[in-house]
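Please examine the model below with attention to its pockets and its nucleic acid surface. The paragraphs that follow take these topics in turn.

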Amino acid sequence: MPLSIATWNINSVRLRTRIVSRFLRSHAPDVLCLQEIKCINDNFPYKTFRRLGYRHIAVNGQMGYHGVAMVSRLPFLAEERKGFCGKGDSRHLAVWIADGERSIAIHNLYVPAGGDEPDPRVNPKFEHKLAFLDEMKSWVGAGAQRDPMVLVGDLNVAPLEQDVWSHRQLLNVVSHTPMETERLNAISTGGAWTDVARHFVPADEKLYTWWSYRARDWKASNRGRRLDHIWVTQPLRDRLAGIETLSEARGWTRPSDHVPVIAKIGDA
DNA sequence: ATGGTTGTAGGACAA
């Protein structure tokens with residue numbers, strides 16, 4: 001059976017149960033990885049997902065901020081939650097699912113946004129973001145080449161020139177500074193990861209997954225960024241069957257500022 | 001150059 005894995009920064013899962021349901025009914029990914037659920041574990045809308053056939057649910061929630069979750073039609077063989085930067089933030093959740101005789105690890109991440117000022121000496125949030133990326137590098141680097149792994153999430157970095165509406169104008173804007181893009185590229189290169197979206201969409205083609213709430217008309221101005229990513233390791237690379245970025249979801253009622261991204265992986 | 005919006009909470013703060 002081919003496998004489909006989706007990632008979506010939902011910006012409050014409780015406020016958006018309607019559009020999440022709409023997405024699951026129309027696209028039916030096997031696994032949906034959510035970021036910014038903005039609730040504690042007990043307040044996660046379990047019933048909404050179970051009714052839609054997503055009976056396997058793992059949550060790493062937090063009061064008010066951040067929080068990640070994974071809902072699945074396939075059972076989880078194991079779960080794991082990792083803390084980063086010695087903080088109590090809920091920014092990581094991993095599950096393992098069966099893949100024939102083997103298993104696939106799926107890591108769901110929410111990288112800190114980093115605040116406004118792109119200077120780690122004056123902005124502790126940016127310093128935290130860089131430290132988080134450094135910790136990610138040492139953590140996902142080793143062993144990544146051999147094991148079938150998927151890494152998804154809101155990485156809050158748009159690494160390539162065509163991942164933002166204006167490379168020149170965003171070079172000093174948090175999410176596209178060389179300090180961030182160089183770190184993200186070092187992580188993917190060091191771990192031999194394949195950026196699934198760019199595996200299918202040429203690097204000279206604009207591709208966004210996020211549009212600010214602050215624009216008067218997100219579609220007309222189209223000042224987007226590609227902050228949401230799906231990466232796979234070498235054992236899954238040759239099985240990649242497609243990517244979908246659901247930009248129309250930005251226009252749904254009461255939307256998240258991020259849209260779902262779905263990767264399809266063929267049989268072994 | 002600045003300000004623009006959304007969410008959690010019930011006042012700032014994060015994004």
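Which strand gives the largest share of the lining of the second largest pocket? In this predicted model, that share comes from strand β6 (residues 92-99), which supplies three residues. The second largest pocket holds about 240 Å³ of space. Its lining consists of 15 residues, and those nearest the centre are M1, L3, L74, A98 and D99. By class, this lining comprises 10 nonpolar residues, one polar residue and four charged residues.

The largest pocket encloses about 900 Å³ of space. Its lining is formed by 30 residues, with Y110, A113, G114, G115 and N156 closest to the centre. Helix α3 (residues 124-141) makes the greatest contribution to this lining, namely four residues. In composition, the lining of the largest pocket has 12 charged, nine polar and nine nonpolar residues.

Attention now turns to the nucleic acid. DNA strand B is surrounded by 18 residues, of which S12, R16, Y213, R214 and R254 come nearest. The surface near this strand divides into eight charged, six nonpolar and four polar residues. On the DNA side, sugar or phosphate accounts for 70% of the strand B atoms within 4 Å of the protein, and bases account for the rest.

Several side chains approach the phosphates of DNA strand B. In S12, a polar side-chain atom lies 2.3 Å from a phosphate oxygen of the strand. For R254, a side-chain N or O atom is 2.7 Å from a phosphate oxygen. K125 likewise places a polar side-chain atom 3.3 Å from a phosphate oxygen of DNA strand B.

How values were computed. Residues numbered from 1 in each chain as written. Chains lettered and ligands numbered in written order. Predicted model: local features only at pLDDT ≥ 70, side-chain atom pairs only at ≥ 80, totals over all residues. Heavy atoms only, no water. Near = heavy atom within 4 Å. Polar contact = N/O pair within 3.5 Å; in protein donor to acceptor, adjacent residues only side chain to side chain. Nonpolar A, V, L, I, M, F, W, Y, C, P; charged D, E, K, R; others polar. 1 Å grid on protein atoms, 1.4 Å probe; cavity = no way out; pocket = protein on both sides within 12 Å on 5 of 7 lines; lining within 4 Å. Points joined across faces, edges and corners; volume = space filled by probe spheres on them. Helix = DSSP H or I, 4+ residues; strand = E, 2+ residues; numbered from the N terminus.
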